[in-house]
Amino acid sequence: MIRTVHSALFAFALVACFVIYPSTAIACVEGLAWGMPQSEINDHLHGAIKQEDLNSQRLIARNVHLDQLPVPQLTLDMNEQGGLESLAYEFSMDDMTEVLAGLSARHGKPISTSIKENSYEDQLWVWNTGEDLITAVKRTNGHVQKFLIAYRPSRLNPETL
């Protein structure tokens, strides 16, 4: 009985520590974290980011790499406090299969769907890792195709469902 009470108190104290002293959540890509300030992100990307416009919280990095894959454009959205809120990688269509295979190998089978409108067609793949919500989109608009993956912090832990 006393052992159970001690275990429960220890678990409660551990949870309280996480609530009282929240830490920065690890973001989708190694080396980045949700809430990370612009200066640290710029250091991580070796000075590649530029501000889209002076009033915007959107940052752009061009011609960077994710591991060994070239990323023509990385878009980072910052919150009002100046911390990383979401990001999106634009990849070459030639890299789509490798990126989707990597995401599936790491996070399992995604939820997927297609949307067909008059002027475009989208294929979407979605993963909720508990920490991140990852959305991959292939858009076909006429003869132009684009592929990107977007990350933001997950607001729902799948284990709570």
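Let's start at a small landmark: right after helix α3, Gly108 adopts a positive phi of about 90 degrees. Keep in mind that this is a predicted model, with a mean pLDDT of 82 for the chain and 80% of residues at 70 or more. The part to be wary of is residues 3–25, where pLDDT stays under 50 and the model has four contacts beyond four places in sequence. Where pLDDT is low, the predicted coordinates shouldn't be read in detail.

Now step back from Gly108 into α3 itself, which covers 96–107. With twelve residues at 1.5 Å apiece, α3 should span 16 Å, and its end C-alpha atoms do sit 16 Å apart, so the two agree. Which residues of α3 are buried? Met96, Val99, Leu100 and Leu103 are. They take up an arc of only 95 degrees around the axis, which means they lie on the same side of α3. The spacing makes sense, because an α-helix has 3.6 residues a turn and residues three or four places apart point the same way. Look at the other side of α3 and you'll find Thr97, Glu98 and Ala105 exposed.

And what do the buried residues of α3 pack against? Their partners are β3, β4, β6, β7 and β8. That brings us to the largest nonpolar core, which has 30 residues. Ile41, Leu74, Leu76, Leu87, Tyr89, Phe147 and Ile149 have the most contacts inside this core. Along with α3, the elements that each supply at least two core residues are β2 (58–66), β3 (69–78), β4 (84–91), β6 (121–128), β7 (132–141) and β8 (144–153). The top contributor is β3, with five residues.

Phe147 is a good place to see this come together. If you skip its neighbours within four places in sequence, Phe147 contacts Met96, Val99 and Leu100, among others. Its contacts also include Tyr89, Glu90, Phe91 and Met93, as well as Trp125, Ala136, Val137 and Lys138.

Next, go to Asp77, which lies in strand β3. Its side chain makes a polar contact with the side chain of Arg58, at 2.8 Å. Ignoring neighbours within four places in sequence, Asp77 is also in contact with Gln57, Gly83, Leu84, Glu85 and Ser86.

Ser86 takes us over to strand β4. Is Ser86 buried or exposed? Its relative accessibility is 16%, so Ser86 counts as buried. Besides Asp77, Ser86 touches Trp34, Thr75, Leu76, Tyr151 and Arg152, leaving out residues up to four places away in sequence. One of these, Thr75, is eleven residues from Ser86 in sequence, and the two are 8.4 Å apart in space, C-alpha to C-alpha.

Finally, back to backbone angles. Most residues other than glycine have a negative phi, which makes two spots worth a look. His46 has a phi near 55 degrees, a positive value in a non-glycine residue. You'll find His46 in the loop between α2 (38–44) and β1 (49–51), and with 76% relative accessibility it counts as exposed. Asn63 likewise has a positive phi, near 55 degrees, but this residue is in strand β2. At 65% relative accessibility, Asn63 counts as exposed.

Conventions
Residues are numbered from 1 along each chain as its sequence is written. Side-chain values use heavy atoms; hydrogens and water are left out. A nonpolar core is a set of buried Ala, Val, Leu, Ile, Met, Phe, Trp, Tyr and Cys residues joined through side-chain atoms within 4.5 Å. Buried means under 20% relative accessible area, exposed over 50%, partly exposed in between (1.4 Å probe, protein chains only). Helices (H or I, at least four residues) and strands (E, at least two) are DSSP runs, numbered from the N terminus. Contact means heavy atoms within 4.5 Å. The expected span of a helix is 1.5 Å times one less than its number of residues. The arc is that of the directions from the helix axis to the C-beta atoms. A polar contact is a pair of N or O atoms within 3.5 Å; within protein, one must be able to donate a hydrogen and the other to accept it, and residues adjacent in sequence count only if both atoms are side-chain atoms. pLDDT is the predictor's confidence in each residue, from 0 to 100.
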